[in-house]
Amino acid sequence: MAPRRPKGAGAFPKPVESPVPSTPDPAELYAALDLGTNSCRMLIAQPKGSQFHVVDSFSKSVQLGAGLERSGQLSRSSMGRTIQALRVCQQKLKRHEVRHMRLVATEACRRAGNARAFITQVERETGLTLEIIEPEEEARLAVISCAPLVSTKTDQLLVVDIGGGSTELVWIDLTAVPRRERPHSIMRLHSGFHPPESPFPAAKVVDWISVPLGVATLRDQFRDVRDDTARFALMSWFFEENLAEFAPYRDEQVREGFQIIGTSGTVTTVAASHLGLKRYDRTKVDGLRMTSDQIDTVIRDYLALGPEGRRRDPRIGQDRQALIMSGSAILQALLRCWPTDRLSVADRGLREGLLYAQMSAHGVLEDGVY
């Protein structure tokens, strides 16, 4: 199961603001839909200065990739659940009269043998046209959406996007960029991980990788292991084995000047558990910084709870108790390789990048195109 490195395209982002109160002009609305291995999520937003306001949103666990690891195909029940969710998205798009949209599918549809037939079925039954994007574009969109969280003190940056079917890692060297320009240099990666010569200070992408293991696919690989602790350990070491081709893998990284930004449900759930939140609060989680030791403490607590305890935990829940452990196994493997005192939690990702790509291309943001 070798990591893949195909070509792709990108976008640029900034932080998301709270929902806009007034009824927006449909001509000003943009939509982004992310159909992943586990979830279907959509944002509808209106540009506002150099940022955007969320007008409407949708998120549902559809488990499109259920059984994919075993059969290589999207199952009939998975496609049925997903199409039902996409009908809700289509109704929202129609109600808001959205004219500008980009609707993408990722790892499950990249791998499934019947993905093209599924895309055709979606268009026939919902009128929505889905686009299957390549891993590089997925990675780049995640990186750019996290740019505002980059510290001016960061010399080496690792951005990690743990998805349902794959995990993208991008290692960026910022030492040649003046400190105050470092967040903006990440935004300029919208033109590619290795952009042409530019008068602006350039962030150097040392390496990137798309590992075809995410929270759902890794869980499925070890579903037959009954012991909870043994399964977790096997998942973590197996994921680390898949990092062997990643260029910085063997280099020892000092904690000083090193930052990891994690964008995924796993990272935000771990953050919420660390904070002891009874109800998820994005304003407290997005941008939170954690150390490797704090994250390790949360993961150990998850293991101590066991499957039943995790099901009863309101921050995890019955649907996600198994997924949080496969995600935690990935996170632990990364921190075993590269411990840090600065892991920034990002409650943002592909959808935000898709929105900013469209808005930037249309010149409707005050900052223009980077």
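The axes of α9 and α12 come within 9 Å of each other and cross at roughly 95 degrees. That makes α9 roughly perpendicular to α12, where 65 to 115 degrees counts as roughly perpendicular, under 35 as roughly parallel, over 145 as roughly antiparallel and the rest as oblique. Axes here are lines fitted to C-alpha atoms, for helices over the stretch in contact, with angles running from 0 to 180 degrees between N-to-C directions. Helices (H or I, at least four residues) and strands (E, at least two) are DSSP runs, numbered from the N terminus.

A word on the model before we go on. This is a predicted model, in which local features need pLDDT of at least 70 and side-chain atom pairs count only at pLDDT 80 or more, while totals for chains, interfaces and linings use all residues. Residues are numbered from 1 along each chain as its sequence is written, and side-chain values use heavy atoms, leaving out hydrogens and water.

Back to the crossing of α9 and α12. On the α9 side, T266, V267, T269 and V270 meet I324, G327, S328 and L331 of α12, contact meaning heavy atoms within 4.5 Å. By class, this contact divides into four nonpolar, four polar and no charged residues. For these classes, Ala, Val, Leu, Ile, Met, Phe, Trp, Tyr, Cys and Pro are nonpolar, Asp, Glu, Lys and Arg are charged, and the others, Gly among them, are polar.

Helix α9 spans residues 265-275, and H274 is found in it. With a relative accessible area of 32%, H274 is partly exposed; buried means under 20%, exposed over 50%, and partly exposed in between, using a 1.4 Å probe and protein chains only. Setting aside neighbours within four places in sequence, H274 is in contact with L288, M290, Q294 and V298. From H274 to S75 the C-alpha distance is 36 Å, with their positions 199 residues apart in sequence.

Now follow α12 to another partner. Helix α8 (residues 228-241) and helix α12 (residues 321-337) have axes that come within 8 Å and cross at roughly 50 degrees. That makes α8 oblique to α12. The crossing is right-handed, that is, the near helix is turned clockwise from the far one by less than a right angle, whereas anticlockwise would be left-handed. In α8, the residues F232, M235, S236, W237, F239 and E240 meet M325, S326, S328, A329, I330, Q332, A333, L334, R336 and C337 in α12. This contact has 10 nonpolar, four polar and two charged residues.

A230 is also found in α8, and at 30% relative accessibility it counts as partly exposed. The C-alpha atoms of A230 and T266 are separated by 20 Å, and the two residues are 36 apart along the chain.

F239 leads us from α8 into the interior. The largest nonpolar core has 46 residues, of which L158, L169, F239 and W338 touch the most other members. Such a core is a set of buried Ala, Val, Leu, Ile, Met, Phe, Trp, Tyr and Cys residues joined through side-chain atoms within 4.5 Å. The largest share of this core, 10 residues, comes from α12. Beyond its neighbours within four places in sequence, F239 is in contact with T167, L169, V211, L213, I330, A333 and L334. A second, separate core of 31 residues includes M79, L86, L93 and C109.

M79 and L86 bring us to α2. The axes of helix α2 (residues 76-95) and α4 come within 10 Å and cross at roughly 40 degrees, and the two helices are therefore oblique to each other. Their crossing is right-handed. M79, T82, I83, L86, R87 and Q90 of α2 make the contact with F118, Q121, V122, E125 and T126 of α4. It holds five nonpolar, four polar and two charged residues.

Just a step along the chain, N114 is placed in the loop between α3 (107-111) and α4 (115-126). Is N114 buried or exposed? At 17% relative accessibility, N114 counts as buried. Not counting residues up to four places away in sequence, N114 touches Q73, L74 and M79.

Finally, two backbone details. Most residues other than glycine have a negative phi. Q63, not a glycine, has a positive phi of about 50 degrees, and its place is in the loop between β4 (51-61) and α1 (68-71). E97, likewise not a glycine, has a positive phi of about 55 degrees and lies in the loop between α2 and β5 (100-105).
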